Structure formats: structure tokens, C-alpha cells
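Hi,

Here is the structure I promised to pass on. Have a look at it before you read my notes underneath.

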Amino acid sequence: MSLQLHGYWRSSASYRVRIALHLKQLAFDYIPVHLVKGGGQQKAEPYTRINPSMLVPTFIDDDEDVVLNQSMAILEYLDDKYPDSPQLLPSHSLDKARVRALAQDVACDIQPITNLRILETLKSDFNASAEDVKAWNQKWITTGFDALEKRLQTRSGQYSYGYDVTLADVCLIPQVYNAIRFEVDMSVYPLISKIWENCNKLDAFKKAAPENQVDAIRS
């Protein structure tokens with residue numbers, strides 16, 4: 001199969017790309033990279049040959065001899081390569097900028113400081129306890145969601161930007177998954193919660209959900 005996604009079931013960035021691939025109904029091989037087992041498979045050969053940053057996801061398009069890291073770059077590549085599939089970005093320049101801004105509120109401001117690499121460093125270098133790590137996640141997710149909920153008052157409809165699924169939803173839903181995982185009180189975010197519920201009614205989001213991946217830990 002020409003399209004491959006190397007990822008981890010609970011990685012927010014991998015989750016984003018899975019959603020997009022399913023929205024666009026693209027067939028792809030999913031290749032799990034366990035971020036914890038054996039010290040982290042992302043740190044070992046052969047993965048470091050395709051992604052020396054030792055992060056997920058990595059996307060490969062064999063037909064085009066393309067290897068991409070960074071989920072946001074992958075998502076825009078998919079939008080550009082498959083223009084006849086549902087588009088994640090609107091065509092109008094201002095709408096496009098607004099959707100990108102909503103997406104980056106999550107992808108640039110919340111997720112990077114709550115990802116596994118940061119959490120592991122808090123524990124290994126600063127002796128953070130499990131409760132400390134939970135509090136860290138809650139602090140930065142709620143800080144981001146407080147602002148995002150206000151933005152959505154003038155942007156959202158059924159989804160984050162009006163009535164079509166966009167890049168903003170593709171980024172938001174994995175972050176809500178993490179918020180729930182770390183016991184953030186979602187009742188104070190009615191718009192975000194509504195979007196979470198609406199998106200998760202769609203097959204693409206269901207198929208992309210962490211618990212539905214072959215590498216999901218079920219316990």
C-alpha cells in the first residue's frame with residue numbers, strides 16, 4: 001500500500017492524521033511505534049532512519065517518494081494532494097486563516113507542552129509524581145480551553161468553524177480525549193463538549209479513536 005502512517009495509538013498528533021485519512025477515505029497501512037515499550041521504539045533503528053527527531057507520526061507516500069513528519073504538514077499535504085476529498089481548510093483566505101488559528105491554538109499552544117516527552121522529563125529530571133503530572137496537564141489544557149471556548153462563541157456551529165468539519169476539529173478532538181484522560185472538568189466547556197460529541201458521531205472519528213487502534217492497550 002502506498003500510504004503508511006507510523007504512529008502510536010494515544011499520540012495526539014498521530015490521532016489527527018488518522019482522522020484526516022479516514023475523513024478522506026484513503027487506504028493506508030498503520031504501523032505502530034510504541035513510545036514506552038523497551039525504552040521507546042521511536043529511539044531505535046529502523047525508525048530513526050525515517051524520523052531522526054524520534055517523534056510520531058511519520059507519514060510515507062511511496063508513490064511520490066515522500067516522507068513527512070509533523071502532523072500539521074502532513075494534514076495540509078493530504079488536503080493539497082487529494083482536492084476531490086473532503087477538505088480540511090476552507091477555500092476563502094480569511095476563513096482558512098481563522099481555521100488554522102483555531103487548530104494552532106491546540107497544536108502549538110496546548111499539545112506540545114503536554115506530550116509524552118515533556119511528561120517523562122517532568123518525572124525523570126524534576127521528580128514529578130503522578131499527581132504532579134496530572135496537575136501539569138490539567139493546568140495547560142484548561143488554560144488553552146478557557147481561551148478556545150471563548151473563541152468558539154463566534155466561530156462554531158455544529159463543529160469548530162461553522163457546519164463543516166475542518167482542521168480545527170481534527171486538532172481539537174485528540175486534545176479533548178487527553179483532557180478526559182487527565183480528568184479535566186469538561187462541564188465548563190459546553191461548546192467544546194458539543195463539538196466533541198458531534199465529531200464522534202462520524203465514522204472517520206470513530207475509526208481514528210485511540211481505543212480502536214491495533215496497538216491500543218486494553219485493560
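Below is what turned up, starting with the sheet and moving on to the cores and the pocket.

One thing to keep in mind from the start: this is a predicted model.

**The sheet**

A good place to begin is the open sheet, where four strands sit in the order 2-1-3-4 with mixed pairing. At its edges you'll find strand 2 (29-32) and strand 4 (66-69), each of which pairs on one side only. On average, neighbouring strands here are turned by 15 degrees against each other, direction ignored.

Strand 3 (residues 58-61) is a handy one to follow through the sheet. With strand 4 it pairs in the antiparallel sense, over four bridges. Within that pairing, Asp 61 stands opposite Val 66, and Phe 59 has Leu 68 as its bridge partner. The two strands make a hairpin with four residues between them, and Asp 65 in the turn has a positive phi of about 55 degrees.

Strand 3 also runs antiparallel to strand 1, again with four bridges joining the two. There, Asp 61 is the bridge partner of Leu 3. As for its faces, strand 3 is covered on both: Thr 58 and Ile 60 are buried on one side, Phe 59 and Asp 61 on the other.

**Helices against the sheet**

Which helices pack on the sheet? Helix 1 (residues 12-23) does, touching strand 1 (3-7), strand 2 and strand 3. The direction of helix 1 makes about 155 degrees with that of strand 1. Helix 3 (residues 71-81) packs there too, touching strand 3 and strand 4, and its direction makes about 135 degrees with that of strand 4.

Ser 71 is worth a click while you're in this area. This residue belongs to helix 3. Is it buried or exposed? The relative accessible area of Ser 71 is 4%, under the 20% cut-off, so Ser 71 counts as buried. Leaving aside neighbours within four places in sequence, Ser 71 is in contact with Ala 13, Arg 16, Val 17 and Pro 57.

**The nonpolar cores**

As general background, nonpolar side chains tend to be buried together in soluble globular proteins. In this model the largest nonpolar core has 60 residues, and Leu 21, Phe 145 and Ile 192 have the most contacts inside it. Strand 1 and several helices each supply at least two of its residues, among them helix 4 (93-107), helix 6 (130-152), helix 8 (190-199) and helix 9 (203-208). Helix 7 gives the most to this core, with nine residues.

To get a feel for the surroundings of Ile 192, try showing what it touches: Phe 145, Leu 148, Glu 149, Leu 152, Leu 172, Val 176 and Met 186, not counting residues up to four places away in sequence. There is also a second, separate core of five residues, which includes Leu 122, Ala 128, Val 133 and Phe 182.

**The largest pocket**

Last stop is the largest pocket, which holds about 1,200 Å³ of space. Its lining has 44 residues, and those nearest the centre are Leu 35, Leu 55, Asn 115, Leu 116 and Arg 117. Where does the largest share of the lining come from? That would be helix 5, with six residues. Helix 1, helix 3, helix 6 and helix 7 are among the helices that each supply at least two lining residues.

Happy browsing!

Technical notes: Residues numbered from 1 in each chain as written. Predicted model: local features only at pLDDT ≥ 70, side-chain atom pairs only at ≥ 80, totals over all residues. Heavy atoms only, no water. Pairing = 2+ DSSP bridges. Axes fitted to C-alpha atoms, helices over the stretch in contact; angles between N-to-C directions. Contact = heavy atoms within 4.5 Å. Core = buried A, V, L, I, M, F, W, Y, C linked by side-chain atoms within 4.5 Å. Buried < 20%, exposed > 50% of the residue type's maximum accessible area, 1.4 Å probe, protein only. 1 Å grid on protein atoms, 1.4 Å probe; cavity = no way out; pocket = protein on both sides within 12 Å on 5 of 7 lines; lining within 4 Å. Points joined across faces, edges and corners; volume = space filled by probe spheres on them.
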